[in-house]
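Trainee: Could you walk me through this one? I'd like to know how each label gets earned.

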Amino acid sequence: MLRTLFIYLSGAGWAQRLVRNWKFAQKMAARFVAGETLDEAVEVIRQLNDQGFNVTLDHLGENVTNREGALAAREEVLQIMERIDREKLRSGVSVKLSQIGLVLDEEFCLDNLHEILTNAQALGLYVRIDMEDSSLTEKTLRCYYRCLEAGFGETVGIVIQTYLYRSEEDIQRILSESGTVRLCKGAYKEPASVAFPRKKDVDDNFDQLARNLLDKAAETDREISRDGIHPPIPALATHDEERIRLASAYAERIHLPKHKMEFQMLFGIRFDLQKRLVAEGYPVRIYVPYGEEWYPYFTRRLAERPANLWFFISNYLKG
């Protein structure tokens, strides 16, 4: 019930206008968002790198409805990559395609994406195409496959959500084309016609698809790069300790070296678990968002875990 409510609120314009001007909400969002400026985000990346973490940096924003906004978002990504390269940060970049024009025109979006990837390729950086709600899944994957065909396979990866029925088939194709996958459960409210309604089924699918990715990793030479920028084939994005336990146990069973897989987690959530995995020798990448458009991201984090909501309420009651 709460999850449904917060997912609704994440897309409600009236709620966004109200909460974004609420000083307490801004303070609480800072737990999950590395500031509103690139300078603030860079400082967070430095701190995480110093603690042994790799990073994926994301400039928040989605569903841009005009070309000027999409071009501005593209330019922001280009500036991010130049800053990462100049300061030698162990970070890649995450891009939502609806931010660079996917809801306007697919070819326009693809042109923007190709410019981003061309720049990333020249700098030796890595871009992860984020996955949005199911209405954009097919278009997003179509753009990704075209990028692979264009020769960007070492530069770009994709996100697959295990609550979608189609994900096993999608991963089979991605692996057949030597792609790389960030596997997550999914954070949008989806109808039962396209997504598993039960958490257990989502978890079971995560476990199976993680095994598929780990098996593929065992068959190839791809591993995390020495500089921590280019990930291995499987990036398992979860804070669920049971999912992590099962994935790491399976990797040990098939004798997969730790540097041929990585765990990914969100900035501000389960730092204790993040540190433990690094101490155990696993590559761990932290997804670090920043920007003024923090509201939808913040409310989806509240929807995902009751602990996040309790953190919010308890701090409010403390004054």
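**How the labels are earned**

Mentor: Let's start with one strand pair in this predicted model: S7 and S8 run parallel and are joined by four bridges.

Trainee: What makes S7 and S8 count as a pair?

Mentor: Pairing takes at least two bridges between the strands, and S7 and S8 have four. One of the links puts Gln 264 with its bridge partner Arg 285 in S8.

Trainee: How do you know that S1 pairs with S8?

Mentor: Same test: six bridges join S1 to S8, against a requirement of at least two, so they pair, in the parallel sense. Leu 57 has Val 288 in S8 as its bridge partner.

Trainee: And what joins S6 to S7?

Mentor: Three bridges, between strand S6 (residues 234–237) and strand S7 (residues 262–266), again parallel. Leu 236 stands opposite Phe 263 in S7.

Trainee: Why is the sheet called a barrel?

Mentor: Eight strands close up in the order S1-S2-S3-S4-S5-S6-S7-S8, with parallel pairing. Neighbouring strands of this sheet are turned by 30° against each other on average, ignoring direction.

Trainee: Which strands does helix H5 touch?

Mentor: Helix H5 (residues 67–87) packs on the sheet and touches strand S1 (54–59), strand S2 (91–95), strand S3 (127–129) and strand S8 (284–290). Its direction makes about 175° with that of S2; angles over 145 count as roughly antiparallel, so H5 and S2 earn that label.

Trainee: What about helix H8 and the sheet?

Mentor: Helix H8 (residues 167–176) packs there too, touching strand S4 (156–161) and strand S5 (181–184). The angle with S4 is about 160°, so H8 and S4 are also roughly antiparallel, the cut-off being over 145.

Trainee: How do H7 and H8 lie against each other?

Mentor: The axes of helix H7 (residues 137–149) and H8 come within 11 Å and cross at roughly 10°. That's under 35 degrees, so H7 is roughly parallel to H8. Leu 141, Tyr 144 and Tyr 145 in H7 meet Asp 170, Arg 173 and Ile 174 in H8. By class, the contact has four nonpolar residues, no polar ones and two charged.

Trainee: What makes S8 a mostly covered strand?

Mentor: Seven of its seven residues are buried, and buried means under 20% relative accessible area. Val 284, Ile 286, Val 288 and Tyr 290 point one way, while Arg 285, Tyr 287 and Pro 289 point the other. That fits the general rule: in a regular strand, side chains alternate between the two faces of the sheet.

Trainee: Why is Asp 240 called buried?

Mentor: Its relative accessibility is 16%, and the cut-off is under 20%, so Asp 240 counts as buried. Asp 240 is found in the loop between S6 and helix H10 (241–253).

Trainee: Which residues is Asp 240 in contact with?

Mentor: Leaving aside neighbours within four places in sequence, they're Lys 185, Lys 199 and Asp 203. Asp 240 and Leu 273 are 33 residues apart in sequence, with their C-alpha atoms 9.7 Å apart.

Trainee: And how much of the protein chain is buried?

Mentor: Buried residues make up 56% of the 319 residues. The chain has 13 helices and eight strands. It exposes about 14200 Å², with carbon and sulfur atoms supplying 51% of that. Of the contacts with a separation of 6 or more, 76% come from residues 24 or more positions apart.

Key. Residues numbered from 1 in each chain as written. Predicted model: local features only at pLDDT ≥ 70, side-chain atom pairs only at ≥ 80, totals over all residues. Heavy atoms only, no water. Buried < 20%, exposed > 50% of the residue type's maximum accessible area, 1.4 Å probe, protein only. Contact = heavy atoms within 4.5 Å. Areas by Shrake-Rupley, 256 points an atom, 1.4 Å probe, with all protein chains shown as cover. Axes fitted to C-alpha atoms, helices over the stretch in contact; angles between N-to-C directions. Parallel < 35°, antiparallel > 145°, perpendicular 65-115°, else oblique. Nonpolar A, V, L, I, M, F, W, Y, C, P; charged D, E, K, R; others polar.
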